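Trainee: Could we go through this model together, one question at a time? I'd like to see how each answer is reached.

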Amino acid sequence: MNQFDETMKFDVDDAKAHNVKEIMTIVYSTLEERGYNPINQIVGYLQSGDPAYIPRHNEARNRIRHIDRDEIMEVLVRTYIEKEIHE
């Protein structure tokens, strides 16, 4: 069987998810503080991987670069689904 025929499993443990949430909160606040649209900037970063979308202020750029973009997306999707669909 081809490796592309099997469903891959991606899982972020709770400790990593908590860390992602803390960092994303700092990044979001920093973007707002600097006058940027946080959603647009974060989406730009997630799509491109270019850290220039995130300011250096408050070490936001360094913090977000220490997290895998896939982990960020997993936490964002999980949080949204838990809040919007499972409530």
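Trainee: What percentage of the 87 residues of the protein chain count as buried?

Mentor: This is a predicted model, where local features need pLDDT of at least 70 and side-chain atom pairs count only at pLDDT 80 or more, while totals for chains, interfaces and linings use all residues. Residues are numbered from 1 along each chain as its sequence is written, and side-chain values use heavy atoms, leaving out hydrogens and water. Buried means under 20% relative accessible area, exposed over 50% and partly exposed in between, with a 1.4 Å probe and protein chains only. Of the 87 residues in the protein chain, the buried share is 28%.

Trainee: Thanks! In what order do the elements of the protein chain run from the N terminus?

Mentor: Helices (H or I, at least four residues) and strands (E, at least two) are DSSP runs, numbered from the N terminus. The protein chain has four helices and zero strands. Its order is therefore written with one kind of symbol: α-α-α-α.

Trainee: Why do the buried residues of helix 1 line one face of the helix?

Mentor: Start with the buried residues themselves: A17, V20, I23, M24, V27, T30 and L31. Looking down the axis of helix 1, and taking directions from the axis to the C-beta atoms, these residues line one face because they fall within an arc of 150 degrees.

Trainee: And which residues are exposed on the other side of helix 1?

Mentor: The buried residues of helix 1 have cover that includes helix 2, helix 3 and helix 4. On the other side of helix 1, the exposed residues are D14, A15 and E33.

Trainee: Which helix supplies the largest share of the largest nonpolar core?

Mentor: A nonpolar core is a set of buried Ala, Val, Leu, Ile, Met, Phe, Trp, Tyr and Cys residues joined through side-chain atoms within 4.5 Å. The largest has 15 residues, and V27, I54, I64 and I72 have the most contacts inside it. Helix 1, helix 2, helix 3 and helix 4 each supply at least two residues of this core. The largest share, six residues, comes from helix 1.

Trainee: Which residue caps the N-terminal end of helix 2?

Mentor: Helix 2 covers residues 38–48, with P38, Q41, I42, G44, Y45 and L46 buried. Just after helix 2, G49 has a positive phi of about 80 degrees. At the N-terminal end, a side-chain oxygen lies 3.1 Å from the backbone nitrogen of I39, and the capping residue is N37.

Definitions and conventions
A polar contact is a pair of N or O atoms within 3.5 Å; within protein, one must be able to donate a hydrogen and the other to accept it, and residues adjacent in sequence count only if both atoms are side-chain atoms. Contact means heavy atoms within 4.5 Å.
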